[in-house]
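This briefing is meant for a reader who is meeting the structure for the first time. Please look through the sequence and the model before turning to the points that follow.

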Amino acid sequence: MRIDRDRSSENTQIRTSRKTMDNENARRVYVDKEKIQPSLYDLPVEIFLHICSFLDGVTLVHSLSRVCSKFYLILMDDSLWKARINHIWPDVSYTLLRPVITARIDKQFWKLSCIEIEKETALWEQQDSMEKLEFGTTILVDVILLRNVNEITYIVGASDDNLVYYKLLSHEEIPSCKGKKYSSQSIFAHNSAIRDLTAINNTIYSCSFDETVKSWELTNTGLLWKSTYNLHREDRLDSSLWCMSSCRETNLFATGSFYGTVHVFDSRSGDRSIATYRPHSVIVTKLAMNAEHILSVSKDNTMSVWDQRAGRTMKSITFPGEGVPMSVSMRRDWVFIGDSRAKLHLVNPNNFEVVESYSTKHTEDITGVRLTHGCLITSSMDRTVRIWSPTDPPKPIATLHTKFGIFSMDYLNDTLAVSGCNKIVVWRPKTTCKTKHQLL
């Protein structure tokens with residue numbers, strides 16, 4: 001009986017102890033819950049998106065979306081990025097460079113486009129974000145080309161029968177070079193005036209009135225001659241070359257002549273043209289090409305489209321109005337053409353029809369057009385460069401002024417260069433530009 005009483009007393013103590021422990025644990029849990037603060041993960045989607053509206057696109061895509069699967073799923077929605085772009089330019093119908101659904105990269109098209117749009121808009125809207133460099137030359141520079149090799153920017157210019165080579169020094173190199181911001185070199189290249197330049201990777205191609213095309217290797221120490229391409233003997237009467245374009249994917253380049261003929265070359269095989277056709281009756285003012293087509297515009301006020309696979313002219317159209325097409329920028333999704341009446345013509349490369357023609361604030365010939373995912377750039381003989389949104393219609397972002405009519409313009413990696421008369425002017429970022437956050 002005594003043993004039973006002892007066991008009963010022991011069980012009572014155990015139950016009392018367990019009850020005390022349970023109460024203590026419950027109290028601790030209650031206290032811990034009071035101390036817990038709501039995290040970003042626990043916020044409603046609407047509040048999360050509002051917080052995202054104060055962050056730039058780079059941070060959202062490359063940092064926040066990688067925190068967890070929930071953030072990734074929210075930030076991968078295309079409608080989010082379309083709304084973000086629409087907030088930047090609320091009165092436009094769509095961005096010009098729209099995706100092709102079958103392309104793998106198009107799964108990120110709207111995100112990457114928004115990043116570029118925010119970056120370019122902030123870059124050009126902030127007047128003090130760009131450094132302006134002016135190069136004085138003793139000769140007239142008709143055409144320039146920007147290239148980037150090993151993170152170093154080079155400018156190759158053509159003046160009469162010479163090639164002019166500039167190496168832009170980085171901000172870190174300038175102090176050690178006594179404040180000088182570039183190094184230069186000039187070489188005798190052709191026996192007559194050089195009319196245009198193009199490039200495939202680190203190889204520069206120049207065409208001239210001397211009936212030849214020459215290739216040059218771009219190195220840290222200058223330009224080195226590689227080879228000379230000659231036209232067929234039967235083409236010599238028509239060999240005053242005027243303009244050039246190239247396609248890196250196919251390693252092909254083409255030249256347009258003073259008499260309306262286009263010559264196509266393969267940079268990998270021989271020094272002779274692989275195709276010749278005559279789409280125009282007078283001078284070919286500009287060429288643009290990709291893996292499938294060669295687009296040429298002429299002073300006869302027409303545009304011709306050559307199908308490279310079929311080896312024939314697939315279309316020829318006449319431009320509206322009296323302006324002569326002077327400059328071309330062709331991307332996968334759209335083609336922009338600037339004319340001598342300061343108008344921009346938007347062409348759909350699926351059917352090569354003129355979709356729209358825009359009036360610009362330029363007052364003279366549009367001599368250069370560059371269309372990117374982030375902006376549209378035009379240069380003119382009226383001494384201005386204008387930065388536009390890549391939208392329909394283009395919206396003005398900034399206007400840059402020079403003291404000369406602009407003959408040529410190129411844009412690469414946030415660096416813009418123009419040439420005219422005896423000067424080259426370059427705009428490049430002073431430092432990494434801080435993106436102005438846009439609300440969703």
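Accessible areas come from the Shrake-Rupley method with a 1.4 Å probe. On that basis the chain exposes about 22100 Å², of which carbon and sulfur atoms supply 50%. The model is a predicted one, and the points below are grouped by topic.

**The chain overall**

- The chain has 6 helices and 28 strands, and buried residues make up 50% of its 440 residues.
- If contacts in the chain are restricted to those between residues at least 6 apart in sequence, 49% of them join residues at least 24 apart.

**Annotated repeats**

- An unreviewed UniProt entry places the feature "repeat: WD" at residues 277–316 and also at residues 359–389.
- Over residues 277–316 the model shows 0% helix and 60% strand, and the C-alpha atoms at the two ends of this stretch are 13 Å apart.
- Over residues 359–389 the chain is 0% helix and 55% strand, with the end C-alpha atoms 14 Å apart.

**The sheet from β2 to β5**

- An open sheet of 4 strands follows the order β2-β3-β4-β5, and the pairing in this sheet is antiparallel.
- The edge strands of this sheet are β2 (143–149) and β5 (182–188), each of which pairs on one side only, and the twist from one strand to the next averages 20°.
- Within the sheet, β3 and β4 pair in the antiparallel sense over 6 bridges, and Y154 stands opposite K167 in β4.
- The loop between β3 (152–159) and β4 (162–168) holds D160, a residue that is not a glycine and yet has a positive phi of about 55°.
- D160 counts as partly exposed, because its relative accessibility is 41% and the partly exposed class lies between under 20% for buried and over 50% for exposed.

**The sheet from β18 to β21**

- Another 4 strands form an open sheet in the order β18-β19-β20-β21, again with antiparallel pairing.
- At the edges of this sheet stand β18 (325–330) and β21 (353–359), and each has a single partner strand, so one side of each is left without a neighbour in the sheet.
- The twist in this sheet averages 20° from one strand to the next.
- Strand β20 (residues 343–348) is joined to β21 by 6 bridges, and the two run antiparallel; V347 stands opposite V354 in β21.

**Loops later in the chain**

- A cis peptide bond, with omega at about 0°, joins D392 and P393, and P393 lies in the loop between β24 (384–388) and β25 (396–401).
- N413 is found in the loop between β26 (408–412) and β27 (415–420), and its phi is near 50°, which is a positive value in a residue other than glycine.
- N413 is exposed, with a relative accessible area of 51%.

**Cysteines**

- A disulfide is taken here as a pair of cysteine sulfur atoms within 2.5 Å, and by this rule the count comes to 0 disulfides.
- Among the cysteines, C68 is partly exposed, with a relative accessible area of 21%, whereas C114 is buried, with a relative accessible area of 0%.

Notes
Residues numbered from 1 in each chain as written. Predicted model: local features only at pLDDT ≥ 70, side-chain atom pairs only at ≥ 80, totals over all residues. Heavy atoms only, no water. UniProt positions renumbered as here; feature names shortened; annotations may be inferred. Buried < 20%, exposed > 50% of the residue type's maximum accessible area, 1.4 Å probe, protein only. Contact = heavy atoms within 4.5 Å. Pairing = 2+ DSSP bridges. Axes fitted to C-alpha atoms, helices over the stretch in contact; angles between N-to-C directions.
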